[in-house]
Amino acid sequence: MIAQPLDSPTTVALPGRTTFRLGAFATDTPVFLAPMAGFTNAAMRRMCHHFGAALTYTEMVNVNGIMLASDKTWHLLETLPDEGPVMAHLYGTEPELFAAAAARVTALGRFVGIDLNAGCPMRKITCNGAGAALMKQPALIGKIVAAMVQATTLPVTVKTRVGPRPDQVVVQEILHAVEEAGGAALTIHGRFATQEHSGEVHLPLLAEVKRVSRIPIIGNGGILTAADAQQMFQETGVDAVMIARGATGNPWIFQEIAALFGGAAVSDFRKCETVRGGSGRGRLHDLAEIRRVLEMHMASELALHHQIRAHFRLPSHALSPDLAAVATFRCHLFRYLHGLAGSAYVRGQLNHLRTLDDIRAALDGCFEREAQARAHATALAAYDARGMAESFAAGATGEE
Ligand SMILES: Cc1cc2nc3c(=O)[nH]c(=O)nc-3n(C[C@H](O)[C@H](O)[C@H](O)COP(=O)(O)O)c2cc1C
């Protein structure tokens, strides 16, 4: 089963930026989709690529799992034919295992580079010395990068944070280790590991690292709107920006960034902050557009799970592709519906959403309620405007 081909992505060069290069990969629109465990499978990457993400990352993949040929791990490395350039994002601790895994990943011929996770703060990752725990050992990061550089022809990059905690800013040491080991770029999430995924993004620290760096720097953290992306570029000078949560249920953000850089007004992208109930996440789109994109995303999920089943010959008693697609799509569904009046209705149906058709039926109910809410809001606004005009007129004639 093949998903309907999507139109080519929007590729508007961001003015004033030099071409971003990573091995054979080059782009004039350096806005990337971040790795997110549980989200950035091939279906989400394909959607974001379609809307203009120049580069995307797999979910976090364990190097042990690659070497043990665990089916579950290899599912994470599955790609769809038209999803655009993808980086394989790996985690672990042992340089030799990384080298062997990098060779296997390279042999797949599907990826434009290999990225080391040196920033995940989740306990189940750090307790084994991986992810954010690596930040305490910049020399080990260097060894891992050097081992992979030896084992692959692909560019090797690292994704890290500014430091483990506010009194330990180690990102400069990590940069040095990555540069010395032959790393091709460094992504920096501008928060400390202790902050996990919330709180201030330290743009001045990103700017400091960028100033001294000899390799491209990709800035990440807190980009929820096109205006945020512009701010990160302007205040830090980073070579590219990377978006995580701002893109979940909101692939339009990549198109909006291109539009903003192409001359659209910043205010167009700020007003959403109030429309989305203060969450600051994206604009509320036309309902037909949300429906269209949801259908595209569901078709990609289904195609991906058919492909996974074909490659891994899942036993006949395993979940059907349709059921597997629903299981991975559910978390995206609620992100797409975020801020819609009808989303509570879908939430109420949660236990009944077993097939894609169940989701479609729940969406009908959701969009009906949302359309009513929008019609009501429009009528109310018209009524307010009329009331205002009448009191102006009354004021002009001196009436009370
Ligand atoms: C659900 C979720 C899963 C994530 N998984 C990963 C991961 O596998 N590897 C990684 O380096 N970062 C991971 N991150 C961190 C993001 O890539 C990103 O650095 C972080 O969310 C900050 O960006 P944002 O403010 O745009 O969300 C994850 C974040 C979230 C919310």
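Let's start with a pair of helices: α13 and helix α14 (residues 321–336) pack with their axes 9 Å apart, at an angle of about 145°. The crossing in which α13 passes α14 is right-handed. On the α13 side, the residues that meet α14 are Ile-290, Leu-294, His-297, Met-298, Glu-301, Leu-302, His-305, His-306 and Arg-309. Facing them from α14 are Pro-321, Asp-322, Ala-324, Ala-325, Thr-328, Phe-329, His-332 and Tyr-336. Sorted by class, this contact of α13 with α14 holds 9 nonpolar, 5 polar and 3 charged residues. Please keep in mind as you look around that this is a predicted model.

Now step back to the whole chain for a moment. You will find 16 helices and 10 strands in it. The chain has 400 residues, and 48% of them count as buried. If you take the contacts between residues at least 6 apart in sequence, 71% of them join residues at least 24 apart.

Back to α13, which spans residues 287–312 and has another partner in helix α1 (residues 42–50). The axes of α1 and α13 come within 8 Å and cross at roughly 140°. With that angle, α1 is oblique to α13. Here too the crossing is a right-handed one. From α1, the contact draws on Ala-42, Ala-43, Arg-46 and Met-47. From α13, Met-296, His-297, Ser-300, Glu-301 and Leu-304 take part. The classes in this contact of α1 with α13 are 5 nonpolar, 2 polar and 2 charged residues. It is worth finding His-297 and Glu-301 on your screen: they belong to the contact with α1, and they also appear among the residues of α13 that meet α14.

Before leaving α13, have a look at Phe-312, which is found in this helix. Phe-312 has 14 other C-beta atoms within 10 Å, so this residue is partly exposed. Which residues does Phe-312 contact, once its neighbours within four places in sequence are left aside? They are Asp-71 and Trp-74. Trp-74 is 238 residues away from Phe-312 in sequence, yet their C-alpha atoms are 8.8 Å apart in space.

Asp-71 and Trp-74 lead us to α3 (71–76), and the loop between α2 (63–67) and α3 contains Ala-69. The backbone of Ala-69 deserves a glance, for its phi is positive, about 55°, although the residue is not a glycine. As background, most residues other than glycine have a negative phi. Is Ala-69 buried or exposed? Ala-69 counts as exposed, because it has 9 C-beta neighbours inside 10 Å.

A positive phi turns up at Glu-196 as well, with a value near 50° in a residue other than glycine. Glu-196 sits in the loop between β8 (185–192) and α8 (203–212). Glu-196 has 12 C-beta neighbours inside 10 Å and therefore counts as exposed.

Next, turn to helix α6 (residues 138–151) and helix α7 (residues 171–180), whose axes come within 8 Å and cross at roughly 25°. The two helices are therefore roughly parallel to each other. The crossing of α6 and α7 is right-handed. In α6, the contact is made by Pro-138, Ala-139, Ile-141, Gly-142 and Val-145. The α7 side of the contact consists of Glu-173, Ile-174, Ala-177, Val-178 and Glu-180. By class, the contact of α6 with α7 comprises 7 nonpolar, 1 polar and 2 charged residues.

Follow α6 along to Val-149, which lies in this helix. Val-149 counts as partly exposed, because it has 19 C-beta neighbours inside 10 Å; the threshold for buried is 20 or more. Setting aside residues up to four places away in sequence, Val-149 touches Val-156, Ala-181 and Gly-182. One of these, Ala-181, is 32 residues from Val-149 in sequence, with 7.8 Å between their C-alpha atoms.

Our last stop is the ligand. How many residues surround the ligand? There are 23, and the closest are Ala-34, Met-36, Met-60, Ala-244 and Arg-245. The shell around the ligand divides into 10 nonpolar, 10 polar and 3 charged residues.

Key:
Residues are numbered from 1 along each chain as its sequence is written. This is a predicted model: local features need pLDDT of at least 70, side-chain atom pairs count only at pLDDT 80 or more; totals for chains, interfaces and linings use all residues. Axes are lines fitted to C-alpha atoms, for helices over the stretch in contact, and angles run from 0 to 180 degrees between N-to-C directions. Helices (H or I, at least four residues) and strands (E, at least two) are DSSP runs, numbered from the N terminus. Angles under 35 degrees count as roughly parallel, over 145 as roughly antiparallel, 65 to 115 as roughly perpendicular and the rest as oblique. A crossing is left-handed if the near helix is turned anticlockwise from the far one by less than a right angle, and right-handed if clockwise. Two residues are in contact if their C-beta atoms, placed from the backbone, lie within 7 Å. Ala, Val, Leu, Ile, Met, Phe, Trp, Tyr, Cys and Pro count as nonpolar, Asp, Glu, Lys and Arg as charged, and the others, Gly among them, as polar. A residue is near a molecule or strand if its C-beta atom, placed from the backbone, lies within 6 Å of it.
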